[in-house]
Amino acid sequence: MWRWSLLVALGALVVAACVDVRLVTVGTGGSGGEALGGSGGTVGEPTSSSSSTASSGGAGGVDCCGDVDVAVVIDNSPSLDDDDFIRIQGLFFNLFQPILDFADRACTFHIGFFTAHPKINQPDEECRFLGSLSYTGADGARCLPDDRRFITKDDELTQLIGCLAQTGRSNSLDGAPVEALVNALTIDSYSNADGCNFGFFRDDAVLVSLFVADQDDDESDINGTAPGGDQPAEWEDAIVGARDGDVVALGILPSATSECGDAPGPNWPDFLSQFPANRTASASICSTDASDVAATLSDIADEICGAAAAP
């Protein structure tokens, strides 16, 4: 339960030091938006943008820079408990502030949530598969208006992040978070006009992937060999090969000293090491310090948008 209760507070922590966080479990019938202490701000998303250089497509003629897609992949296996929420809420606050800053500077911005296990309680049948966007809260109720399945800059960011982060909990112990993202990027039927992910990924957009897990990924099987049979280099090849734009890989992952959660395994560090050093960073899920991840994301925003354009 820690995962959705932890992230319910994530958006509100950006705008308030103290929030009233209500823990929502599967089947409560609660709405994810109710857990937030603030509604956040609305930022206009222009109708056109450039892919890599500054343009004047922003609202009111303000310069903006390129398009950004943020894919948050949460391992919704039932492992960490609710007590971990209090300990690591500061870690997510430190990380998501630069993500929201990046959103302010980008011409267009999408945030989508994926889960390491399929969400079989979602209303649309095409969205009940591994790699389909998660657009509901823990109780299966829609978070987004107008039947949309991801967040844009026109939305109330804090409220919707809080709702979508309540992914619910699977009954299975081991998830496949990397396979979920690979499926999302590479299975054509997911992205066509009738697919769950239609419109989310843009080929020329920067892809910021954020993996949240307390155990190693030894289940992702992108080649149909056997769970755990892939090599992390193959995971990176599949993700980068599916993109025309820049790819960033971030992680909130098992601790090297295993003081919480499962014992660390080799796959997460091997996977992240496949990316250029200035395109990856990770923090321990046992810590409250995500400064390295936040700094990397801020540096990427400066590189793409230009440091002079920083707010």
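In this predicted model, C163 is buried, with a relative accessible area of 4%. Its disulfide partner is C143, which also counts as buried because its relative accessibility of 13% falls under the 20% cut-off. The sulfur atoms of C143 and C163 lie 2.0 Å apart, and the torsion about their S-S bond is about -75°, so this disulfide is left-handed. The pair ties together distant parts of the chain: C143 sits in the loop between β4 and α3 (157–164), while C163 belongs to helix α3, 20 residues apart.

A further disulfide brings strand β2 into the picture. C65 is joined to C305 with an S to S distance of 1.8 Å, and a torsion of about 55° about the S-S bond makes the link right-handed. Here C65 lies in strand β2 and C305 in helix α8 (residues 291–305), a separation of 240 residues along the chain. Both ends are buried, C65 at 3% relative accessibility and C305 at 8%.

Strand β2 (residues 64–65) also contains C64, which forms a disulfide with C107, the sulfur atoms being 2.0 Å apart. This link is right-handed, with 90° about the S-S bond. C107 is found in the loop between α2 (83–105) and β4 (108–115), 43 residues from C64. With a relative accessibility of 0%, C107 counts as buried; C64, at 5%, is buried too.

Taken over the model, the count comes to 4 disulfides, among them the C143 to C163, C65 to C305 and C64 to C107 pairs described here.

Technical notes:
Residues are numbered from 1 along each chain as its sequence is written. This is a predicted model: local features need pLDDT of at least 70, side-chain atom pairs count only at pLDDT 80 or more; totals for chains, interfaces and linings use all residues. Side-chain values use heavy atoms; hydrogens and water are left out. A disulfide is a pair of cysteine sulfur atoms within 2.5 Å. Helices (H or I, at least four residues) and strands (E, at least two) are DSSP runs, numbered from the N terminus. Buried means under 20% relative accessible area, exposed over 50%, partly exposed in between (1.4 Å probe, protein chains only).
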